[in-house]
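Please open the model in your viewer and keep the sequence panel at hand. We will go from one selection to the next and look at what sits there.

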Amino acid sequence: MHFSLAPIVIVLLVAVLTVIVCRRLNIPSMLGYLLVGFLAGPGVLHLIPQTAATDYLGEIGIVFLMFSIGLEFSLPKLRAMRKLVFGLGGMQVVITIVSILGILMLAGTPFIWAFAVAGALTMSSTAIVSRILSEKTELGQPHGQMAMGVLLMQDIAVVPLMILLPALAGGNQDSLWMALGIAFVKMAATLGLLFVIGNRVMTPWFRLVARQKSSELFMINVLLVTLGVAYLTELEGLSLALGAFVAGMLLSETEYRFQVEDDIRPFRDILLGFFFITVGMKLDIGALFEGWQLVLMLLAILLLLKGLIVFALARYMRHNVADSLKASMYLAQGGEFGFVILAVSHGLNLLSGELEQAATAAILISMILAPFILNSSERVVARLVKSSWDMKAVDLQNMLIATMNKSEHILIVGYGRGGQTIGRILAQENIPYYALDMDAERVQIARSAGEPVSFGDAKRREVLEAAGLARAKMVVITLNNMHESRHVIDTIMHMHPTMPVHVRATSDDYLQTFTQMGAEEAVSDTKETSLALAAYALLGAGISYQNVHQIIMNIRRSRYAMLEDLFVGSDDEAGFYDERNSISRYAFTLPEAAHAVGRHIDELPLQHLNVKLLSVRRHMHQIQQFDTDFCLEGDDILVVAGHKEKIISFENWALQGEG
């Protein structure tokens, strides 16, 4: 049987181009994958067929996602969330199914058809919601916990729904209740066994694997555990995603959690992207246009009715208005299990093809709209919820009262470990300071301990004014997020251009950026750590403390000029190193037959390529000063600095005359 790679290559090409465009337009990449699936699937170009195999591969992406989410949880945390999972989540599933069932039956839809569609529309997208919650670091916030609790209950609810559908098709009520009872016992026994045995086996097993000191073996073991536990739950009639979540939870309390999380991320992201491609393949444009009125009605039920139910239930459970509204927005969309329920129902002749396509289109459109809705949730809540305005006003008022008597104080932006360390040193020397931080829990604990810190976004002018920026002696920014730091510096410079600002730079790439924006000093994490270690090395070598202090201070005064143009390796921190803007150092050897051999320095295209020749190592000598008659020889090692792509061009020219 001949198999062509052309469709796969085309799909990958379209995926890469689409994601690039999405990144440039600041649109979530999952929308790009959905678009790729729509374009490459049966709906438009027919490049890849929609089969059970492609759907199953997409579901594996959900497995790895749920495993990653499970790593964020633990058994104590799940027990603490039982009211959200079984209370809020259970009520959401039951009330949503009953409400949608009633609406569809009033519209003239047969009971069995209406029940199948109601079950499908009740589900929300675990893939979309959990990914955006992770990206926005909101999994631990109240609305994030509510959303995850409901999503977990929905995953559990898939099991009885998948039992109910065949029973409804057969029409035997006695077998229905028996099947549900057996399924409940199997589910409780399976999960209980996994938790009891897994807790005792998982840590010793991973220790045994880790002792072999093989990264390949460790990676294989991670895949084995993830897919193995998911397969065991599938054998018992539970979902793959639920099993993967349990596997992640079992590993969350071991010392290997972070290593596992790093190892699993590439598989998760790639396969999750493929899942969104398979979802996009389900959209049928013909059915969308033919039944547009039905599609709009089902879409309204998803976005409005389901969101209203979640909001009402969250308020009933005494969550505040803002968190309830956010949770309702996060859950007001269709989910991947909805497609599964619709497919099973159609196979059992429980609903018509027209209704299945309309429901599929409504779920898909809601999933496409979801990232836009979720990313705008903060703005919507700020506009609609009056208590949110009142809370911000109270925060600003409290901040004004706290800073009213402060002048010549140090304003610290970011009260993490770095900010707290600075605050303690200042307090020890009786120097007044005031801090701003966006972690509500940390602020509450610190304030209860009597520390001068408030919850506030330093990018907002009114927050900086309330914190006494005009009366401050200087600002110290200790944030981890460099983009946030840029916004804060920009706001400060617009308000008080002469304010001394000292800012932390997690990456050397931002040193020049921050100083150009107006910061008086930008302090590099990596360089300061290196200077501290270098100082100990100098002291150990017998150099006096005064001389060491002078050497380090000279390097700081020159803004780390001596430490620029460092060699770049594969272990540099991803995300901190920007290849497009960074200057890096590189060394390469000239073979005897290289194009540059025998040429003078002024013949090299250094100025044209904006590359600096730092030195030439010849035999055992390092040559840094070049005479006018200096020529390059074979086996010379050239040490150059510049942008990475320019260095590559220069190396190509030096070796073979191309650049």
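## Stop 1: H25 and H26

Begin by selecting residues 525-540, which form helix H25, and residues 545-557, which form helix H26. In this predicted model, the two helices pack with their axes 10 Å apart, at an angle of about 155°. Angles over 145 degrees count as roughly antiparallel, so H25 and H26 are roughly antiparallel to each other. Their crossing is right-handed.

Now show the side chains at the contact. From H25, pick Glu-528, Leu-531, Ala-535, Leu-538 and Leu-539. From H26, add Tyr-545, Val-548, Ile-551, Ile-552, Ile-555 and Arg-556. If you colour this contact by class, you will find 9 nonpolar residues, 2 charged ones and no polar ones.

## Stop 2: H5 and H6

Next, select helix H5 (residues 82-106) together with helix H6 (residues 111-122). Here the axes lie 8 Å apart and the packing angle is about 140°. That angle makes H5 oblique to H6. Turn the view to follow how H5 passes H6, and you have a right-handed crossing.

Which residues make the contact between H5 and H6? On the H5 side, select Gln-92, Val-93, Thr-96, Ile-97, Ile-100, Leu-101, Leu-104 and Met-105. On the H6 side, select Phe-111, Ala-114, Phe-115, Val-117, Ala-118, Gly-119, Leu-121 and Thr-122. Sorted by class, the contact of H5 with H6 holds 12 nonpolar and 4 polar residues, with no charged residues.

## Stop 3: Ser-125

From H6, move along the chain to Ser-125, in the loop between H6 and helix H7 (126-135). Is Ser-125 buried or exposed? Its relative accessibility is 0%, so Ser-125 counts as buried.

To see what surrounds Ser-125, leave out residues up to four places away in sequence and display the ones it touches: Leu-151, Gln-333, Gly-334, Gly-335, Glu-336 and Met-367.

## Stop 4: the whole chain

Finally, zoom out and switch to a cartoon view. The protein chain has 28 helices and 10 strands. It consists of 659 residues, and 47% of them count as buried.

With the surface switched on, you are looking at about 33,800 Å² of accessible area, 60% of which belongs to carbon and sulfur atoms. How do contacts run along the sequence? Among those between residues at least 6 apart in sequence, 71% join residues at least 24 apart.

Key: Residues are numbered from 1 along each chain as its sequence is written. This is a predicted model: local features need pLDDT of at least 70, side-chain atom pairs count only at pLDDT 80 or more; totals for chains, interfaces and linings use all residues. Side-chain values use heavy atoms; hydrogens and water are left out. Axes are lines fitted to C-alpha atoms, for helices over the stretch in contact, and angles run from 0 to 180 degrees between N-to-C directions. Helices (H or I, at least four residues) and strands (E, at least two) are DSSP runs, numbered from the N terminus. Angles under 35 degrees count as roughly parallel, over 145 as roughly antiparallel, 65 to 115 as roughly perpendicular and the rest as oblique. A crossing is left-handed if the near helix is turned anticlockwise from the far one by less than a right angle, and right-handed if clockwise. Contact means heavy atoms within 4.5 Å. Ala, Val, Leu, Ile, Met, Phe, Trp, Tyr, Cys and Pro count as nonpolar, Asp, Glu, Lys and Arg as charged, and the others, Gly among them, as polar. Buried means under 20% relative accessible area, exposed over 50%, partly exposed in between (1.4 Å probe, protein chains only). Accessible areas come from the Shrake-Rupley method with a 1.4 Å probe; for residues, only the protein chains shown count as cover.
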